Amino acid sequence: MTHLVLDPRLDGERHINVWSRGVTVLGRLLSNFSHTPFVHPRLGPFESMEGYWYWLASGCQYEELREVWGLLAKQLGRRYSKALVGNFEELICEGIYHKVLQTPGLVQRLAHSTLPLYHYYWFGNLENGKYKIVTPYSGHFQMEYLEDLRFHLRHLEGIKVYTF
């Protein structure tokens, strides 16, 4: 993934910010915070990737994490001590895969999108240009996986993407 100078004012025009407060519907749906229930074939049901993330990060032991999304999932998940599973990133990517395939319309939205995907937060005032961008390290592997998944979905869907 090529890095560009991220400008939140260009979210939806030059890139897609995968964030719960992003400009695009696709960016918000792809966010771990979104309420996008899915069932992992081996690990069971989850209401969000955020709950799934913290369920994995706490050693798969707190069942209430299956039922939460958004800020509540983060707050609840942070209460528990970390006990990361060995293949954490791989399992996160599996969760993303099942979420994308099981969320109505998300396969099509992702496959038809052409803008690069980034995950960052911004704080401050966009109008006067006084804002700060935070790019969490954990977002990198997820964005790489989403870009790979998008490529494969396009191939499966027979979608031709033209860039000029």
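## Legends to the close-up views

**Figure 1. Overall fold of the protein.** The protein contains six helices and six strands, shown here as a predicted model. Read from the N terminus, these elements follow the order β-α-β-β-α-α-α-α-β-β-β-α. The radius of gyration is 16 Å, and the globule rule gives 15 Å for 164 residues; the two values are close, so the protein is as compact as a globular protein of that length. Taken along the principal axes, the box filled by the C-alpha atoms is roughly 50 × 45 × 25 Å.

**Figure 2. The largest pocket and its lining.** Rolling a probe the size of a water molecule over the atoms reveals where empty space remains. The largest pocket holds about 480 Å³ of space. Its lining is made up of 24 residues, and those closest to the centre of the pocket are Phe33, Glu50, Lys74, His119 and Tyr121. Which elements each supply at least two residues of this lining? They are the helices α2 (49-57), α3 (70-78), α4 (88-102) and α6 (139-157), together with the strand β5 (121-125). Of the elements, α6 gives the most to the lining of the largest pocket, namely four residues. By class, the lining of the largest pocket consists of twelve nonpolar, seven polar and five charged residues.

**Figure 3. The second largest pocket and its lining.** The volume of the second largest pocket is about 160 Å³. The residues that line this pocket are Trp53, Tyr54, Ala57, Lys82, Leu84, Phe88, Glu89, Tyr137, Ser138 and Phe141. Two or more of these lining residues come from each of α2 and α4. The greatest contribution to the lining of the second largest pocket is that of α2, with three residues. Seven residues of this lining are nonpolar, one is polar and two are charged.

**Figure 4. The packing of helix α2 with helix α3.** How are the axes of these two helices arranged, roughly parallel or roughly antiparallel? The axes of α2 and α3 come within 8 Å and cross at roughly 10 degrees. Angles under 35 degrees count as roughly parallel, and α2 and α3 are therefore roughly parallel to each other. On the side of α2, the residues in contact are Glu50, Gly51 and Tyr54; on the side of α3, they are Gly70, Ala73, Lys74, Gly77 and Arg78. The contact of α2 with α3 comprises two nonpolar, three polar and three charged residues. Two residues of this contact also appear in Figure 2, where Glu50 and Lys74 are among the residues closest to the centre of the largest pocket. Tyr54 of α2, in turn, is one of the residues that line the second largest pocket in Figure 3.

**Figure 5. The surroundings of Leu126.** Leu126 lies in the loop between β5 and β6 (130-134). Which residues does Leu126 touch, when those up to four places away in sequence are not counted? Leu126 touches Pro8, Arg9 and Tyr131. The C-alpha atoms of Leu126 and Asp7 are separated by 9.2 Å, although these residues are 119 residues apart along the chain.

Technical notes:
Residues numbered from 1 in each chain as written. Predicted model: local features only at pLDDT ≥ 70, side-chain atom pairs only at ≥ 80, totals over all residues. Heavy atoms only, no water. 1 Å grid on protein atoms, 1.4 Å probe; cavity = no way out; pocket = protein on both sides within 12 Å on 5 of 7 lines; lining within 4 Å. Points joined across faces, edges and corners; volume = space filled by probe spheres on them. Nonpolar A, V, L, I, M, F, W, Y, C, P; charged D, E, K, R; others polar. Axes fitted to C-alpha atoms, helices over the stretch in contact; angles between N-to-C directions. Parallel < 35°, antiparallel > 145°, perpendicular 65-115°, else oblique. Contact = heavy atoms within 4.5 Å. Rg over C-alpha atoms; globule rule 2.2 N^0.38 Å.
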